Structure formats: structure tokens, C-alpha cells
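Please open the model in your viewer and keep the selection panel at hand. The stops below go from the whole chain to its interior.

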Amino acid sequence: MTAAINITKVKRSAIKDALFSIVIPTWNNLPYLQLCIESIRKNSVFHHQVIVHINEGKDGTDKWIISQSDIDYSISEENIGVCYALNSCRTLVDTSYILYLNDDMYVCPGWDKALKDEIEKIGHNNFFLSSTAIEPTAQSICSIEKNFGKDISDFDEQRLLKEFGSMPKEDWQGATWPPNIIHKDTWDLAGGYSIEFSPGLFSDPDFSMKLWKLGIRLFKGVAASRVYHFGSVSLKRLKKNKGYYTFVAKWAITQNTFSKQYLRRGQRFDGNLTEPLITAAQKINNQFKQLKAIFIRD
């Protein structure tokens, strides 16, 4: 019999004027987490609630977080993955907006004001927004490729602060990956992040698909909100799951079909998304892949 997951939660920050609740899962990644939180404190226009889930914390993360009185946290003795970690953080949220941030990200000045301005312009809560990542090697067409350091040891913070706003980028379609922000009511209606994708691979497009099924059609990448992303530092240490096949088996389409034809990820933003035209051949191909995925997954 598998032992029950044991999570300890501590809430202590009580930031009365917090705008967003920033949730950060971390796994023995203390130097990057410290840089991430330092950037939030230094480069944010507004005050925010910061909630960290500590997976294991064997590198001293637990002791450091405990010493930071302005951070709420939950902790598990084992690595429970991103999905459980995010859902644990949700129970500590104080504000109306949940912002998911990776621990290997550095937020640039004004990142939060750009999101606040966008939310106010939208005027309702039926949206899913992402900030725009600057990466040493772009992991998608949504990112800006510019090398300010491939890891923390050669991070050129001063050059980033000088140049981050000068690189051209338009708002884009297909918000999915963190940093992303959503109203807590929409998060709850979608049921948070799905644990069948633990430890986390393909949980991001799955969450977007759940929002699509709810009728959300505003998936916008905000170009003015920028973060530097070192590039999946924890993911490189992670044992891969069968997330691709789980996604296909669950939704009867591939993640690639959803990304390219539904979300139009990376294309210039031109308003709310509409229902895609899926050809008969594409439907048959997706049905075949679903049957294959069910066999492989099981």
C-alpha cells in the first residue's frame, strides 16, 4: 500500500494590500529560488503574496524559507511533483488572482504592472494570461531568445535590466506555460492541476484544455510582462512520465493539435480564439493516436 502524502502548511505573511498570490513549486533548487524571490521583491511595482511549495528541501530550502517571514509555504518530505504542489499552494491563497511562477525565473521590472493593466483592460475574469519569457535558447516561438546566462553562475543581471525592454515582441496567442495568471474562481472551476500528469509533464496544456472546455477563449501572452527563464532547471533532473499519451487518451487529440490549431500558440494576438476547423483526416489521425495512447499508457 502506498503511503499517504503528508503536507505541512504554514500561513503567516498577512500582506493586506497583496495584488497577486504567486505560487512557486521548488525542488532542491535553493540558489535559483532565492534569486527568483529576490527579483519579486526588487522588481515588482505592487505587493504580492508569495507561496512556495517545498519538495524535500534537502538543500536547505526548508530552513531558508522558514527564515523568510513574508513567505507562506507548504512542504512535503518527498517530491510530490508540480501538480500536487500547486494544488497545495492554492489552499493558502489570499488574493483573487493566482500567478504560477517557476523557481528558475527572474521577473523583470514592471512585470506585474503589465499584467494588472491587461486584467483591468479585459474587464472580466474569463481569461488566461502568460508573461513573456526571455531564454538563452528559446524553448518555443512564444519566447524571446537572448542569452543573459545559461545558469545562475554566469547570469548577467545588470545587462538584462538594461536590455530586457528593448527587444521587440508582440502580444501572442496561446497562453499556457508559466508565468501564467488566472482568477481563483476559474482555477477552482477547472479543478486545479490534474494529478494524473504527476510529476507534471503535460499538465500545462491539460490545464489550458480544461479552461477551453469551460468556454475560455482569451489565452493571451502579454509581451510587456517579461521574465528571464534559465530553462527548466528542475525538469532536467526529473524522471519523465507518459504525459503525452495521457493527454491524447484523455482529450482524443494530441497536444500539438491543441497547441497549433486551438490555441494558435505563438501567433500574433488578434482577439479571442474561435473554434478551429479540424478536417476529417485530422480527426481520424487523432482517434488513431488516442487508441494507441490508451494502449501505451496502460
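Begin with the contacts of this predicted model: among those between residues at least 6 apart in sequence, 80% join residues at least 24 apart, a figure that rests on heavy atoms within 4.5 Å of each other.

Next, switch to a cartoon view of the whole chain, where 10 helices and 11 strands can be found. The radius of gyration is 19 Å, close to the 19 Å that the globule rule gives for 298 residues, so the chain is as compact as a globular protein of that length. Along the principal axes, the C-alpha atoms fill a box of roughly 55 × 55 × 35 Å.

Now turn on the surface, which exposes about 13,600 Å², with carbon and sulfur atoms supplying 53% of that area. If you then select the charged residues, you will have 37 positive and 33 negative charges, whose mean positions lie 5 Å apart.

Hide the surface and move inward, bearing in mind that buried residues make up 55% of the 298 residues. Select Ile24, Val52, Ile65 and Leu101, which have the most contacts inside the largest nonpolar core, a set of 34 residues. Another core, of 30 residues, lies apart from that one, and Cys89, Tyr100, Trp187 and Phe219 are among its members.

For the last stop, centre the view on Ile24: which residues does Ile24 touch, not counting those up to four places away in sequence? They include Leu33, Cys36, Ile37 and Ile40, together with Val50, Ile51, Val52 and His53, and also Leu101, Asn102 and Asp103.

Definitions and conventions. Residues numbered from 1 in each chain as written. Predicted model: local features only at pLDDT ≥ 70, side-chain atom pairs only at ≥ 80, totals over all residues. Heavy atoms only, no water. Helix = DSSP H or I, 4+ residues; strand = E, 2+ residues; numbered from the N terminus. Rg over C-alpha atoms; globule rule 2.2 N^0.38 Å. Buried < 20%, exposed > 50% of the residue type's maximum accessible area, 1.4 Å probe, protein only. Areas by Shrake-Rupley, 256 points an atom, 1.4 Å probe, with all protein chains shown as cover. Lys, Arg positive; Asp, Glu negative; His and termini not counted. Charge placed at Lys NZ, Arg CZ, Asp CG, Glu CD. Core = buried A, V, L, I, M, F, W, Y, C linked by side-chain atoms within 4.5 Å.
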